[in-house]
Amino acid sequence: MEKPLRLKLAVQKSGRLTELSTDLLVRCGLKFSRAKDQLLGFGENMPLDLLFVRDDDIPDLVEEDVCDLGLVGLNVVEEKKLELAARGYSARFEILRSLDFGRCRLSIAVPDEVIWNGPSSLEGRRIATTYPYALAKWLTDRRIRAEIVTLSGAVEIAPRLGRADAICDLVSTGSTLEANRLREVEVLLESHAVLVRTPVELPKEKSDWVARLLMRIDGVQQVRESKYIMLHAPRAALPAIRSLLPGSESPTIMPLEGSADKVAIHAVCRENVFWETLEALKTAGASSLLVLPVEKMLA
Ligand code: ATP
Ligand code: ZN
């Protein structure tokens, strides 16, 4: 019997994206088993295996078709594209989806006491980073000459150690910067996790599964914000109530047994339903309000 073709998807081995990535796949219905410290996770109910690697290796693994797919930060993908471009190649992997996790910014930060007059304040300065290609492009685009100090980590302590005058690093809450008495002054890139795909054409068996996975990912991402709302309302209040339902297209309206002028309204709201919305609905005449989480959605 021929071995079934299995998709290989690269995810970060241990870091900020690991749990978020596997969580997305589990929500897409994947059950996988992974022995402790194993590089490979075996998909038990889909022909899809996970390869756990350093996030920096993911673009190459996908570019070189060792893996069909990868989940990685846009920051890593963009840096890899620039690195390949500097060596005269153009990246061929394809970004299939932007994902709603792993949000951060690649930013320039300077010590608190530095007076900032815009990017030109970096002229002739030393900037420490693990993103030399993104930084070089940003500086070149602004015709600023500065020295790039490429480090492999712990960038945020470089100014204190006297190794740099500024840094270019990932920021999410800003607490690391604050703890190191640095302040964010410029944003180079707004980042989030992305799903990347090999440039190589896949056999139908595999590409069908990629399409299914994409549909499920879209469903999962839509559902995260969506709510199902049910309420009773006088017919006369319908226009007002419909205008208050956040991001819902066509609500279902049903008569209520034993009540001539009241109806029940059910609607999927594509945005979160906040207390303020419920209060406004009540003021508009709604009663018996119920908000439920949506578990799965397929357009
Ligand atoms: P690895 O050992 O896999 O190379 P790493 O140290 O490069 O790990 P992490 O710090 O785990 O990577 O970050 C992984 C990704 O998480 C980043 O590339 C980025 O896309 C995202 N991320 C989100 N918020 C932050 C943040 N505040 N700092 C760093 N990365 C962040
Ligand atoms: Zn890394």
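Which protein donors hold the zinc ion (ligand 2)? In this predicted model, local features need pLDDT of at least 70 and side-chain atom pairs count only at pLDDT 80 or more, while totals for chains, interfaces and linings use all residues. Residues are numbered from 1 along each chain as its sequence is written, chains are lettered from A and ligands numbered from 1 in the order in which they are written, and side-chain values use heavy atoms, with hydrogens and water left out.

The answer is a pair of neighbours: Asp-55 (OD) and Asp-56 (OD) are the protein donors of the zinc ion (ligand 2), at 2.0 to 2.1 Å from it. Donors here are N, O and S atoms within 2.8 Å of the metal (3.2 Å for Na, K and Ca), and because water is not among the atoms, sites may look incomplete. The arrangement is irregular, because the four donor atoms around the zinc ion (ligand 2) subtend angles of 74 to 174°. For reference, four donors count as tetrahedral if all angles lie between 85 and 135 degrees; four count as square planar and six as octahedral if opposite donors are over 155 degrees apart and all others between 65 and 115; anything else is irregular. Asp-55 counts as buried at 19% relative accessibility, whereas Asp-56, with a relative accessible area of 35%, is partly exposed. Buried means under 20% relative accessible area, exposed over 50%, and partly exposed in between (1.4 Å probe, protein chains only).

Next comes helix H4 (residues 132–141), whose buried residues are Pro-132, Ala-134, Leu-135, Trp-138 and Leu-139. These residues lie on the same side of H4, because they cover an arc of only 165° around the axis; the arc is that of the directions from the helix axis to the C-beta atoms. Helices (H or I, at least four residues) and strands (E, at least two) are DSSP runs, numbered from the N terminus. Thr-140 and Asp-141 are exposed on the other side of H4. What do the buried residues of H4 pack against? Their partners are helix H3 (74–86) and the strands E7 (104–111), E8 (126–129), E9 (147–150), E10 (166–171) and E11 (182–191). Contact means heavy atoms within 4.5 Å.

The axes of H3 and H4 cross at roughly 75° and come within 8 Å, which makes H3 roughly perpendicular to H4. Axes are lines fitted to C-alpha atoms, for helices over the stretch in contact, and angles run from 0 to 180 degrees between N-to-C directions. Angles under 35 degrees count as roughly parallel, over 145 as roughly antiparallel, 65 to 115 as roughly perpendicular and the rest as oblique. Where the two helices meet, H3 contributes Glu-79, Leu-82, Glu-83 and Ala-86, and H4 contributes Pro-132, Tyr-133, Ala-134 and Lys-137. Trp-138 of H4 is also among the contacts of Glu-186, a residue of strand E11.

A second helix pair is formed by H1 and helix H6 (residues 204–225), whose axes come within 9 Å and cross at roughly 105°. H1 and H6 are therefore roughly perpendicular to each other. This contact is made by Asp-23, Leu-24, Leu-25 and Arg-27 of H1 and by Leu-213, Ile-217, Val-220 and Arg-224 of H6. Is Leu-25 buried or exposed? At 1% relative accessibility, Leu-25 is buried. Not counting residues up to four places away in sequence, Leu-25 touches Leu-9, Val-11, Leu-30, Leu-50, Leu-71 and Leu-213.

Helix H8 also has a buried side, with Thr-277, Leu-278 and Leu-281 as its buried residues. Seen down the axis of H8, these residues fall within an arc of 100°, so they line one face of the helix. Turned away from that buried side are the exposed residues Trp-275, Glu-276, Lys-282 and Thr-283. The cover over the buried residues of H8 includes strand E13 (227–234), helix H7 (238–244) and strand E16 (287–293). Thr-277 has a relative accessible area of 16% and, leaving aside neighbours within four places in sequence, is in contact with Leu-244 and Pro-246.

Finally, some backbone angles deserve a look. Arg-143, in the loop between H4 and E9, is not a glycine, yet has a positive phi of about 55°. Arg-143 is exposed, with a relative accessible area of 75%. Ala-154, which is not a glycine, has a positive phi of about 50° and is partly exposed at 47%. Gly-285, which follows H8, has a positive phi near 120°.
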